[in-house]
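Please look over the structure shown below. The questions and replies after it are intended for a reader who has not met it before.

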Amino acid sequence: MKSEQDFDAVVVGAGFAGLYMLHRLRSEGYKVRVFEAGDGIGGTWYWNRYPGARCDIESMQYSYQFSEELQQDWEWQEKYATQPEILRYAEHVADRFDLRRDIQLGSRVTAAVFDESTARWNIDIESGGGSQQVTAKFCLMAVGCLSTTNKPDFAGLEEYRGAVYHTGEWPHEGVDFAGKRVGIIGTGSSAMQSIPVIAEQAAHLTVFQRTPNFGVPAWNAPHDPAAVRAVKADYAGLRARAKARPTGVDFPFNEFSALSVSDAKRREIYEEFWNRGGLTFLGAFDDLLLDEAANETAAAFVREKIREKVTDAEVAELLAPKTIIGCKRLCVDSGYYETYNRPNVTLVDVSETPIEAFTATGLTVAGKLYEFDAAVFATGFDAMIGSFTRIDIRGRGGLPLREKWEAGPRTYLGLFTAGFPNLFMITGPGSPSVLASMIQAIEQQVDWIIDCMDYMGKEGLTVIEAEVADEDAWVQTVNDAAAGSLRSTCSSWYLGGSIPGRPRVFMPYIGGFPVYVEKCDNVAAAAYEGLRLT
Ligand code: N01
């Protein structure tokens with residue numbers, strides 16, 4: 001059955017971006033509807049329920065700042081929030097701001113087509129076995145950066161008789177691995193978090209590692225109430241300091257080179273940052289992601305730590321990455337390396353000899369069969385663009401977005417893509433997104449979009465779209481920023497790394513959050529420079 005409805009704005013996705021977008025749109029009087037494929041809100045935190053799932057940004061900063069009452073009232077329990085706690089927080093926000101009445105759950109947007117005769121978007125939705133079509137003046141893509149899972153197409157997978165799970169689509173009822181043999185593929189953040197927990201439960205765990213990753217301890221712990229009180233006494237101060245940092249996160253950092261100090265001093269500083277833990281380790285020196293020699297000092301330090309933790313020297317060698325630290329996103333670990341000292345954990349190196357095929361009882365590598373009762377794919381995501389390209393989005397002249405982005409995403413500020421009028425992206429490729437603190441990046445973009453829409457209303461303008469020349473210039477800016485960073489030198493999901501056939505384009509803007517914010521503000525101040533308004 002088809003029903004027709006017209007909205008000022010349709011928001012795709014009810015994660016943190018969709019929730020805040022809805023709140024702002026409704027407060028400004030727009031008629032809006034959010035469509036969410038999941039049966040609950042929370043986006044990536046709704047789906048990623050694998051054992052051990054936590055955020056790698058500290059909880060006091062991984063939260064909304066738009067409401068002082070909200071940030072004062074909410075009590076985060078630990079330094080790094082668990083997935084269930086983050087989901088509870090999202091649900092609290094939805095209830096507190098009465099958002100649910102405009103969110104349609106279990107509703108996957110399958111197509112969004114711009115109708116040039118009406119200057120509106122025709123949006124198709126599949127829900128509960130039926131389809132629905134709505135129209136909207138504005139189409140707001142709040143689809144997240146890490147939402148479309150990457151499931152490698154291993155030969156023989158259909159013959160495998162055990163259960164198959166993906167960390168990014170974990171069963172809501174949980175999985176009991178007690179007494180089971182488990183095989184896990186991948187050693188990124190999701191694997192590093194889930195492996196210690198699964199190993200404790202399972203009879204045996206076999207880890208298939210293609211590329212080792214650097215992990216720095218989380219040192220997670222319950223919050224010290226006095227420290228929380230101190231933050232809350234000046235939350236605005238913390239937010240302002242975070243906003244001024246390239247990463248959008250406030251943490252201690254040094255503004256000198258790793259090569260400018262003596263070996264002894266360098267070690268002392270690394271120990272200090274190691275003991276603080278997490279992603280902030282890379283704040284030890286200011287050139288760790290710029291200079292290979294500087295980076296190697298940090299990489300060597302962490303390798304040494306890994307060797308200290310893992311008793312079997314051969315296994316330790318396999319686990320110690322020989323690459324740039326921080327090139328792939330650094331992992332925040334809790335007992336990951338020590339897990340390999342357990343008698344029920346085996347590491348299988350698939351870097352030289354890839355996984356050949358699944359069989360009915362397991363999988364083979366270099367002709368050897370590894371058997372297990374359940375397979376866990378910790379193989380990551382079709383990051384940053386997968387959630388756009390799986391929707392049939394068509395702009396002017398019927399041009400599919402998939403086609404336009406075939407050689408890599410092209411955007412203006414990560415907010416617009418030329419030829420797709422009135423389509424806004426939140427944390428889209430070409431914006432800092434995953435390289436800033438996500439919720440902060442979301443609030444900045446949503447506020448900017450609202451100002452832009454209000455401006456259009458006041459000026460009697462109905463259509464906004466990026467100029468091709470300005471988009472080209474921004475793509476160049478994004479590429480130039482990436483070229484200056486060691487982050488662009490390895491295969492990672494920032495470049496579509498795990499996805500076969502994907503062009504290698506560094507997708508997020510790495511020039512720093514404050515630089516990006518200033519650019520967006522300048523564009524707005526110059527009557528939306530680079531954008532055609534009609
Ligand atoms: O995914 P990944 P993830 N055969 O892409 C391997 C965020 N996150 O879900 O490196 C064998 O990092 C692949 O190997 P390789 C966070 O931003 C945050 O772990 O391509 N292996 C890699 O080891 C994070 O960075 C949190 O050689 C294959 C792994 O699968 C991002 O999400 C927690 C393979 C994928 O690692 C993604 O993390 C979790 C194949 N065919 C996630 N294909 C926190 O907040 C892929 N792999 C802490």
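The following exchange concerns a predicted model and takes up its ligand, its cavity and one hairpin.

Me: How many residues surround the ligand, and which are the closest?
Reply: A residue belongs to this shell if one of its heavy atoms lies within 4 Å of the ligand. The shell holds 24 residues. The closest are Ser190, Gln193, Thr211, Lys328 and Trp493.

Me: Which helix gives the largest share of the shell around the ligand?
Reply: The shell comprises nine nonpolar, 10 polar and five charged residues. Three of its residues come from a helix that spans residues 189–201, and this is the largest share. That element is helix 5.

Me: What is the distance from an oxygen atom of the ligand to a polar backbone atom of Thr187?
Reply: Several backbone atoms of the protein lie by oxygen atoms of the ligand. For a backbone N or O atom of Ala378 the distance is 3.3 Å, and for a polar backbone atom of Ser189 it is 3.0 Å. For Thr187 the value is 2.9 Å.

Me: What percentage of the accessible area of the ligand does the protein cover?
Reply: On its own, the ligand has 910 Å² of accessible area. The share of this area covered by the protein is 90%.

Me: Which helix gives the most to the lining of the largest cavity?
Reply: The structure holds one cavity of 30 Å³ or more, and about 50 Å³ of space lies in the largest cavity. Its lining includes Leu238, Arg239 and Ala242, and the helix that contributes most, with three residues, covers residues 235–243. This is helix 7.

Me: How many residues of the lining of the largest cavity are polar?
Reply: Among the lining residues are Gln61, Ser63, Gln65, Gly248, Ser437 and Gln440. By class, two residues of the lining are nonpolar and one is charged. The number of polar residues is six.

Me: In the hairpin of strand 14 and strand 15, which residue takes a positive phi?
Reply: Strand 14 (residues 362–365) pairs with strand 15 (residues 368–371) in the antiparallel sense, over four bridges. Within this pairing, Gly362 stands opposite Glu371. Two residues lie between the strands, and the positive phi, near 50°, belongs to Ala366.

Notes:
Residues are numbered from 1 along each chain as its sequence is written. This is a predicted model: local features need pLDDT of at least 70, side-chain atom pairs count only at pLDDT 80 or more; totals for chains, interfaces and linings use all residues. Side-chain values use heavy atoms; hydrogens and water are left out. On a 1 Å grid over the protein atoms alone, a cavity is a set of points where a 1.4 Å probe fits but cannot get out, and a pocket is an open set with protein on both sides within 12 Å along at least five of seven lines; lining residues have an atom within 4 Å of a point. Grid points are joined across faces, edges and corners, and a volume is the space filled by probe spheres set on the points. Ala, Val, Leu, Ile, Met, Phe, Trp, Tyr, Cys and Pro count as nonpolar, Asp, Glu, Lys and Arg as charged, and the others, Gly among them, as polar. Two strands pair if DSSP finds at least two bridges between them. A polar contact is a pair of N or O atoms within 3.5 Å; within protein, one must be able to donate a hydrogen and the other to accept it, and residues adjacent in sequence count only if both atoms are side-chain atoms. Accessible areas come from the Shrake-Rupley method with a 1.4 Å probe; for residues, only the protein chains shown count as cover.
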